[in-house]
Amino acid sequence: MSTITIRDALHDAIHEEMARDESVFVIGEDVIAQGGPYTITEGVAEKYPDRIFQTPIAEAGIVGLGVGAALAGMRPVVEIMYLDFITCAMDEVVNQAAKMRYMTGGQASVPIVIRLPCGLGRYVAAQHSQINESWFMHVPGLQVVVPSTPKDAKGLLKTAIRSPDPVIFFEYKRLYTMEGEVPDDEYLIPFGEADVKREGEDATVVAIGGMVGKTLEAGTLLEDDGYDIEVIDPRTLSPLDTDTICESVRKTGRVVVCEEDTSFAGTGAEIAAMIGENCFKDLKAPVTRVGMPHVPMPFAPSLADSVVPQVGNVVDAVRRVMA
Amino acid sequence: MALTEELAKKIYSDMWRIRMFEEEANRQLGLGNVVGALHLYCGEEAVAVGVCSNLRDDDYIVGTHRSHGHCLAKGADMDHTMAELFGKADGTCSGKGGSMHVADLTLNILGANGIVAGGLGPGTGTALASKIRKTDQVSICFFGDGAAARGPVHEAMTMGSLWKLPVVYVCENNGLQQWVRRETVAVIDSVATMAGSYGIPGVSVDGQNVVEVYEAVGEAVDRARRGEGPTLIEARTYRFYGHSPGDLEVYRDSEEVEDWRANQDPITIFRAYMAERQWLTEREDEEIQGATAAAVSTAVKFADASAYPAVEEALTDVLDTSWRAEA
C-alpha cells in the first residue's frame, strides 16, 4: 500500500493504461500546458507525444472527435475543464456517444471516458461549480462513475478506460488533494459494486462523491448520540448496485441519501424511489435526503458554504430518521 | 485515379442503384411497409457516388439524416438496408436504427445521423484515429448546407485543419433547409467560402455532374492520404422530393422541380457523358437498369420475408453486458 492523493491516483491510472494499451489517448483543453488544469495529465506529453491532443476551446468538437476516434477503435480519455462546460457537448454525449451501440443494433462500440471535474472548488460561482450526475444517469447507454477515495479513483478510472461503452467520470475538485491508501499491485474496481465504507446497524446513509468523507465524519460524531450508521458509497450511479443498498436498508430500516448536488429530481430522488419500491415494508421512517437547495451555486463564500451540504446536515438528517 | 470506362459503368450503375432503391422505398412507405421519416436522396446521387468512387473499403464515411445514398454508394447491401427501413430483424441495425441511422461498420459506414451536423465531430475523430495509428485511411464527412450554420461544423473543421487530419468535408448544398430556402436564412451563398476560415482548400463543384465531383474529391482524398489535411468540397445539388413525408413543399413550385428533373438529373447528365465516349450502348443501359430493378425487387422480398425483431430485443444493445473488468 502507498498513501497518495486522488489527483495522483487519476494521474497514475492514465499513465498505467497508456503504457498498457496503445489505443488510449488524452484529449482536452490545456492538457499539455501545466499537465492539465488539475495536473492529472502531467508527464503524458513527454512520454506519449503522439497520444495527447491539446485542443482549442471547443467542447462539442472535443467530445465529437472522441466519439469518432472511439468508433474507430481508439480509447480516448477526454478532459472537460469544468463539468459545467459539458453542456456545450451534450449532443455529442447524449445523441452520439450514448446511443451509437443501440442505434446500430450492437455493431458500434464507443469506449470513451469523459472526465468531469465538478462541484464547489475555489469559489467560482454558478457556471464553474455544478455536479449534475443525474442528467447522465437518466440517459441509457452511459455509465456514471463517482469515486470518493484514491483507491476507488484509480481502480474505477482504469476500469472506465477499458470499458467498451461510454463512461462519464465525475471528479470532485475538492477531493483531488484527499489522501488515502492505494494497493501497489495492479487492480481494477468493477462497475455496479457499491462499497460499504462503514458498517453500522442503526441507519443506512447512502453517500455520493464529495459527501462520502463528510458522512464518515458524521458517523463518528453520531456515536456520541449512540447511533451506529452504515455508510454506502455506490461508486457507480449507473449501473447502480441496488442489492447492496437494499440489503443494508433491510437491516437498518432507516435511510438518508446524501449528495452535494441539488436534491430536486436528483440522484438521491432515484435512490429513494428505488428503496421505496424494493424495501417499503422494511422502512421504519421516511427516506430522507440531504442535498443542495434548488438554487444555482452562489459566489460569496458565505453563501456557497451555506448551500453545499456539510457534516452537520448529515448529522441532523440521521437524527431525524432515528427520532 | 482517372475515370475509366469500367469505373464509369460502375458509377452509372451505382447511381441507378440509389435512385431505384429510394423510389421503391418511397413506394413501400405508401404501402405502410416503411414507416417513420424517409429523407429521400433522389437528385443528389452524383455526390454520394462521385465521392465514394474514390474510397477504399477501410475508409470511413459519416452521413446525415438523408443518407441512404451515402451508405449504398459506400457498398451497403440493399437487402439489409431495405430491411432496416422496414424495421426488420435482418436490417443493417437489426431494426433499431431505421432510415436515419443506417450503418454498416464492417464497411466503415459509421452511420446516417439524425442530428444535423452531428456527424462532423465523429467523422473528424475517425480521421484523428487514422493519424494516431499512422494508417492512410481517409474519412468523409457528408453534411448539408443547413448543417453549415451549426457550431460543431466550425469546431470539427478547426481541429481537422489544426492537426492536418485525413478528412474531406463534403457539403451537399441543395439550397433547402427542410422547408426553408437557403437564401432566406444564410448570408453566404457558397459554403465552400467557409474553408478560408480554417485555412483549408475550399472547392465548389456542380453536384449534378458526377465527373466533377469524382475528380474534385479524388484530389482531396489524395491530399488527405498524403497527410496534408482536410479539404472542404461543396457540391451544388438539388433534391427531387420533399424533405420527408408530410412536406407540402410550400418553398418551391412544381415547375422548379420539373426543370431540375428534366435538365439537371445527374443520371441523365452522366448517361450523355458516357454516350459521347461510346462507353454505354443502349443494350448495356437496359441491362444495368434491368439488373438494378431486379436487385431492388429482391431487396423488397428480403425485407418483406424478414421477421420483426423479437420484443425482447428492445432491451438489448444498450451496453455490452458481456464485458466485465478483469485485471
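Visitor: How many residues does helix α5 of chain B have, and how far does it reach from its first C-alpha to its last?
Guide: This is a predicted model. In it, α5 of chain B covers residues 120–133, which is 14 residues. The helix reaches 20 Å, close to the 20 Å expected at 1.5 Å a residue.

Visitor: What follows α5(B)?
Guide: Lys134(B) does. Its phi is positive, near 60°.

Visitor: How many residues of α5(B) are buried?
Guide: Eleven of the 14. So the helix is largely enclosed by the rest of the structure.

Visitor: Which ones are buried?
Guide: The buried residues are Leu120(B), Gly121(B), Pro122(B), Gly123(B), Thr124(B), Gly125(B), Thr126(B), Ala127(B), Leu128(B), Ala129(B) and Ser130(B).

Visitor: And what covers the buried residues of α5(B)?
Guide: Elements of both chains. The cover includes α3 (59–71) and α4 (90–97) from chain A. From chain B it includes β1 (60–62), β2 (139–144), α6 (151–162) and β3 (167–173).

Visitor: OK, the contact with chain A. How many residues does it take from each chain?
Guide: It takes 37 residues from chain B and 43 residues from chain A.

Visitor: Which element supplies the largest share of chain B's side?
Guide: α5(B) does, with ten residues. Both α5 and α6 of chain B supply at least two residues each to that side.

Visitor: What's that side of chain B like by class?
Guide: It has 20 nonpolar, twelve polar and five charged residues.

Visitor: Switching to the sheet in chain B. What's the strand order?
Guide: The order is β1-β2-β3-β7-β6. Five strands form an open sheet, and the pairing is parallel.

Visitor: Which strands stand at the edges?
Guide: β1 and β6 (202–206) of chain B. Each has a single partner strand, so one side of each is left without a neighbour in the sheet.

Visitor: How much are neighbouring strands turned against each other?
Guide: By 20° on average, direction ignored.

Visitor: Where does α5(B) pack on the sheet?
Guide: α5(B) touches β1, β2 and β3 of chain B. Its direction makes about 170° with that of β2(B).

Visitor: How many bridges join β3(B) to β7(B)?
Guide: Six, and the two strands run parallel. Strand β7 of chain B spans residues 231–236.

Visitor: What stands opposite Asn173(B)?
Guide: Arg236(B), in β7(B).

Visitor: Now chain A. How many helices and strands?
Guide: Twelve helices and 14 strands. The radius of gyration of chain A is 19 Å, close to the 20 Å that the globule rule gives for 323 residues. So chain A is as compact as a globular protein of that length.

Visitor: What does its C-alpha trace span?
Guide: About 60 × 45 × 40 Å along the principal axes of chain A.

Visitor: What share of chain A is buried?
Guide: Buried residues make up 59% of its 323 residues. As for contacts in chain A with a separation of 6 or more, 79% come from residues 24 or more positions apart.

Visitor: What about β14(A), enclosed or open?
Guide: Four of the five residues of β14 (residues 288–292) of chain A are buried, so the strand is largely enclosed by the rest of the structure. β14(A) pairs with β13 (residues 255–262) of chain A in the parallel sense, over four bridges. Cys258(A) stands opposite Val290(A) in β14(A).

Visitor: Last one. Is Gly312(A) buried or exposed?
Guide: Exposed, with 12 other C-beta atoms within 10 Å. Gly312(A) is found in helix α12 (residues 311–322) of chain A.

Definitions and conventions: Residues numbered from 1 in each chain as written. Chains lettered and ligands numbered in written order. Predicted model: local features only at pLDDT ≥ 70, side-chain atom pairs only at ≥ 80, totals over all residues. Expected span 1.5 Å × (residues − 1). Buried ≥ 20, exposed ≤ 12 C-beta atoms within 10 Å, placed from the backbone. Contact = placed C-beta atoms within 7 Å. Nonpolar A, V, L, I, M, F, W, Y, C, P; charged D, E, K, R; others polar. Pairing = 2+ DSSP bridges. Axes fitted to C-alpha atoms, helices over the stretch in contact; angles between N-to-C directions. Rg over C-alpha atoms; globule rule 2.2 N^0.38 Å.
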